[in-house]
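Let's take a walk through this structure together, one neighbourhood at a time. Please keep the sequence and the 3D view at hand as you read.

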Amino acid sequence: MIGVALAMAVARGPAGDVPRMPAADGTVVRTVEVDGRRRSFRLHVPPASAVEGPLPLVFVFHGGGSTALGMERESGFSALADREGFLVVYPEGIGRSWSDGRGDRTTPAARQGIDDLRFVNRVIDVLMAEHEVDRGRVYATGISNGAMLSHMLATRLSDRIVAVAPVAGGLAEPLAQAFRPSRPVSVLVLQGTEDPLVPYSGGAVGRRGRGSIVSTDAMLGLWRRFNATEEIGREGTLADRAPQDGCRVQVRVWTGGREGSEVALYRLEGAGHTWPGGTQYLPQRSIGRVCRDIDGAAVIWEFFRRHVRR
């Protein structure tokens with residue numbers, strides 16, 4: 001998440017794409033070599049009792065200024081994976097950041113010309129060689145800078161990524177202008193209407209203009225047209241399970257797309273730059289409110305599990 005500084009020490013390990021010592025919480029820290037650079041990620045494997053057949057693979061990307069460990073703790077995906085039986089990868093960005101297609105050159109990853117698409121491809125290859133991964137069930141989500149990277153994966157790696165669920169992060173303008181995915185991708189967007197850093201209506205990212213994104217509606221329109229979904233979506237408002245949070249969740253889903261694809265929006269009325277059901281990691285005056293009417297990980301996994309590419 002933008003502005004969050006959560007420390008994680010990554011131990012130095014032997015050369016090669018080999019398992020590292022397990023972390024205290026049971027998640028294994030791994031490394032791979034990409035473009036001559038050692039890159040790391042946290043891998044959570046569900047217990048054998050939860051596994052039935054080939055494993056779905058879910059990438060969960062931290063936001064700018066955060067870490068893989070911070071994202072694992074904030075999102076709740078590891079506990080969900082243990083119940084539902086899927087692999088979770090929490091990649092580590094360079095300088096706590098991702099090169100997400102904005103072309104703004106303000107993040108360390110962008111300044112250094114890091115190819116995070118190549119990193120993700122490498123991790124997929126390694127895990128498919130080591131585990132029985134279902135190639136038709138590879139997904140990506142993330143928040144903020146990590147959500148923008150999820151958008152980038154959907155547009156640039158649509159042959160491998162089946163569905164994405166960006167949280168509090170829009171589609172970069174350069175990616176929208178060159179919007180040419182190779183296959184339909186199902187897209188679930190969770191976006192707060194009062195996000196002070198990634199505006200729902202599009203425009204400059206952050207207070208210092210860290211590149212620009214298109215509006216949420218424009219992004220949804222690009223995917224609806226490309227996926228060829230139905231023109232009129234189902235819509236409704238979820239129960240207000242936490243009236244004190246100042247948030248209401250409006251849902252709209254467009255189905256009937258090519259290859260069974262869908263486009264869905266969870267419009268978080270009143271919510272800010274936060275993970276649904278997560279922590280108020282900075283004051284409301286800085287990032288806005290947390291929406292507590294839904295559990296972000298549960299909603300995202302329910303969306304992912306419906307989409308299988310054959």
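Is G192 buried or exposed? The model you are looking at is a predicted one, and in it G192 has a relative accessible area of 2%. The cut-off for buried is under 20%, so G192 counts as buried.

Let's stay with this glycine for a moment. G192 belongs to strand β8. Setting aside residues up to four places away in sequence, G192 touches Y200, L268, A271 and G272. For a sense of scale, pick out V29: G192 and V29 are 163 residues apart in sequence, and their C-alpha atoms are 32 Å apart in space.

Step along to E194, in the loop that runs between β8 (186-192) and β9. With residues up to four places away again left out, E194 touches G270, A271 and G272. A271 and G272 are thus contacts of E194, and they are also contacts of G192. Another pair to find is E194 and V290, which are 96 residues apart along the sequence but 10 Å apart from C-alpha to C-alpha.

The loop after β8 leads to β9, a strand made of residues 203-204. A204 lies in this strand. With a relative accessible area of 43%, A204 is partly exposed. Its C-alpha atom is separated by 9.1 Å from that of V214, 10 residues apart from A204 along the chain.

Strand β11 (residues 234-237) is our next stop, and R234 has its place there. Beyond its neighbours within four places in sequence, R234 is in contact with V251, R252, V253 and T255. S158, by comparison, is 76 residues from R234 in sequence and 25 Å from it in space, C-alpha to C-alpha.

Now for the nonpolar interior. In soluble globular proteins, nonpolar side chains tend to be buried together. The largest nonpolar core here has 46 residues, and L57 and F59 are those with the most contacts inside it. Helix α4 gives the most to this core, with eight residues. What does L57 touch beyond its neighbours within four places in sequence? The contacts of L57 are L87, V89, I124, L127, V133, R137, V138 and Y139. Apart from this core lies another one, of 36 residues, including A68, V162, L188 and A264.

Let's turn to how helices meet. Two packed helices are described by the angle between their axes and the distance between the axes. Helix α4 (residues 116-130) packs with helix α5 (residues 145-156) at an angle of about 75°, and their axes are 11 Å apart. Angles from 65 to 115 degrees count as roughly perpendicular, so α4 is roughly perpendicular to α5. On the α4 side, the contact is made by D116, L117 and V120, and on the α5 side by L149, M152, L153 and R156. By class, the residues of the contact between α4 and α5 are five nonpolar, no polar and two charged.

A second helix pair is formed by α2 (residues 77-84) and α9 (residues 296-305), with an angle of about 45° and axes 10 Å apart. These two helices are therefore oblique to each other. The crossing of α2 and α9 is right-handed. F77, L80 and E84 in α2 meet A297, A298, I300, W301 and R305 in α9. This contact of α2 with α9 comprises six nonpolar, no polar and two charged residues.

We can finish with two backbone details. Which sign does phi have at D35? Although D35 is not a glycine, its phi is positive, at about 55°. D35 sits in the loop between β2 (28-34) and β3 (37-44). At 55% relative accessibility, D35 counts as exposed.

A168 is also not a glycine, and its phi is positive at about 55°. The loop that holds A168 runs between β7 (163-167) and α6 (173-177). Is A168 buried or exposed? At 1% relative accessibility, A168 counts as buried. So the two loop residues are worth viewing in turn: D35 is exposed, whereas A168 is buried.

Conventions. Residues numbered from 1 in each chain as written. Predicted model: local features only at pLDDT ≥ 70, side-chain atom pairs only at ≥ 80, totals over all residues. Heavy atoms only, no water. Axes fitted to C-alpha atoms, helices over the stretch in contact; angles between N-to-C directions. Helix = DSSP H or I, 4+ residues; strand = E, 2+ residues; numbered from the N terminus. Parallel < 35°, antiparallel > 145°, perpendicular 65-115°, else oblique. Left-handed = near helix turned anticlockwise from the far one by under 90°. Contact = heavy atoms within 4.5 Å. Nonpolar A, V, L, I, M, F, W, Y, C, P; charged D, E, K, R; others polar. Core = buried A, V, L, I, M, F, W, Y, C linked by side-chain atoms within 4.5 Å. Buried < 20%, exposed > 50% of the residue type's maximum accessible area, 1.4 Å probe, protein only.
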